Amino acid sequence: MRKLLAAAAAVALLQAAPAAWAGISFNINVGGPPVVIAQPPDFLYPAELGFGVAVGVPYDMFYLSGIYFINRGGGWYRTSYYGGDWVRVRYRELPPELRRYKMGRIHEFRDREYRVYSRDRDHYQGRYYRPDRDGRRDMGQPGREQRRDMKEERRDMKEERRDQRRDVKEERREQRRDVKEERREQKDERRDERGGR
């Protein structure tokens with residue numbers, strides 16, 4: 001009788017265990033990703049991107065228009081508080097700025113900007129953002145001088161692109177002139193050959 005009760009108890013436990021494990025698994029995987037951030041992250045703004053990229057956290061995390069985004073496990077999530085409840089977002093629902101570049105390219109811009117930032121944080125001239133504990137206050141928006149520098153940098157980049165386009169046009173013009181001259185010379189040579197016969 002004891003053996004029969006022990007066997008029945010074992011069968012009952014084995015049947016109940018998968019249900020309990022399934023419940024635990026279900027609770028862990030539902031909702032946004034489990035993200036743990038002990039303190040507010042720093043967000044740098046590479047000029048090419050135009051949005052904040054988190055540094056010092058083990059996640060691909062971004063800040064754009066007052067919303068935090070995270071790319072984790074091939075999925076996108078958003079929240080209005082960096083440590084808040086993450087809601088899954090479809091790729092096509094992301095802001096265009098986040099869809100503009102592949103993740104590898106974003107990493108390149110972030111890493112380059114972080115090297116500049118980490119060399120001398122006290123005199124960093126770029127734009128950065130760090131939320132306070134409640135995720136609302138902006139502590140690193142650019143000041144008047146930084147905005148002026150950013151504006152000058154954009155103007156310089158625009159001028160450089162204009163110069164490059166002008167150089168390319170001039171080079172094409174010269175190539176067309178050379179081709180015309182070469183054709184004219186070939187035509188003259190053929191005429192001379194016909195006249196010499």
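# Exercises on strand β3 and the salt bridges

Val 53 has Phe 62 in β3 as its bridge partner. The structure is a predicted model, and the exercises below start from this strand.

**Exercise 1.** Determine which strands pair with β3, in which sense, and over how many bridges.

*Solution.*
1. On one side, β3 pairs with strand β2 (residues 52-55) in the antiparallel sense, over two bridges.
2. On the other pairing, β3 meets strand β4 (residues 67-72), again antiparallel, over five bridges.
3. Within the β3-β4 pair, Asp 60 stands opposite Asn 71.
4. Both connections are hairpins. Four residues separate β2 from β3, and Gly 56 in that turn has a positive phi of about 85 degrees. Two residues separate β3 from β4, and Ser 65 takes a positive phi near 55 degrees there.

**Exercise 2.** Place β3 in the order of the open sheet, and state which strands stand at the edges.

*Solution.*
1. The open sheet has seven strands in the order β6-β5-β4-β3-β2-β1-β7, with antiparallel pairing.
2. The edge strands are β6 (87-89) and β7 (128-129); each has a single partner strand, so one side of each lacks a neighbour in the sheet.
3. In the order, β3 stands between β4 and β2.

**Exercise 3.** Establish whether the residues of β3 are buried or exposed, and explain why the strand can be described as largely enclosed.

*Solution.*
1. In a regular strand, side chains alternate between the two faces of the sheet.
2. On one side of β3 are Asp 60, Phe 62 and Leu 64; on the other are Met 61 and Tyr 63.
3. These residues are all buried, and both faces of the strand are covered.
4. Because five of the five residues of β3 are buried, the strand is largely enclosed by the rest of the structure.

**Exercise 4.** Describe the surroundings of Asp 60, beginning with its accessibility.

*Solution.*
1. Asp 60 lies in strand β3 (residues 60-64).
2. Its relative accessible area is 17%; the limit for a buried residue is under 20%, so Asp 60 is buried.
3. Leaving aside residues up to four places away in sequence, Asp 60 touches Phe 69, Ile 70, Asn 71, Met 103, His 107 and Arg 110.
4. With one of these, His 107, the side chain of Asp 60 makes a polar contact through the side chain of His 107, at 2.8 Å.
5. Asp 60 is also linked with Arg 110 and Asp 111 in a network of salt bridges.

**Exercise 5.** Ten salt bridges are found in the whole structure. For the pairs Glu 108-Arg 105, Asp 188-Arg 191 and Glu 170-Arg 177, report the N to O distance and the accessibility of the partners.

*Solution.*
1. Side chains of opposite charge can pair when their charged atoms come close.
2. In the salt bridge of Glu 108 with Arg 105, the closest N and O atoms are 2.7 Å apart. The two residues are three apart in helix α3 (residues 103-119), and therefore about one helical turn separates them. Glu 108 is partly exposed at 45%, and Arg 105 is partly exposed at 40%.
3. For Asp 188 and Arg 191, the closest N and O atoms are 3.3 Å apart. Both lie in helix α4 (residues 144-196), three residues apart, about one turn of the helix. Asp 188 is partly exposed at 30%, as is Arg 191 at 47%.
4. Glu 170 and Arg 177 meet at 3.7 Å, N to O. Glu 170 has a relative accessibility of 29% and counts as partly exposed; Arg 177, at 47%, is partly exposed.

Definitions and conventions. Residues numbered from 1 in each chain as written. Predicted model: local features only at pLDDT ≥ 70, side-chain atom pairs only at ≥ 80, totals over all residues. Heavy atoms only, no water. Buried < 20%, exposed > 50% of the residue type's maximum accessible area, 1.4 Å probe, protein only. Polar contact = N/O pair within 3.5 Å; in protein donor to acceptor, adjacent residues only side chain to side chain. Contact = heavy atoms within 4.5 Å. Pairing = 2+ DSSP bridges. Salt bridge = Lys/Arg side-chain N within 4 Å of Asp/Glu carboxyl O.
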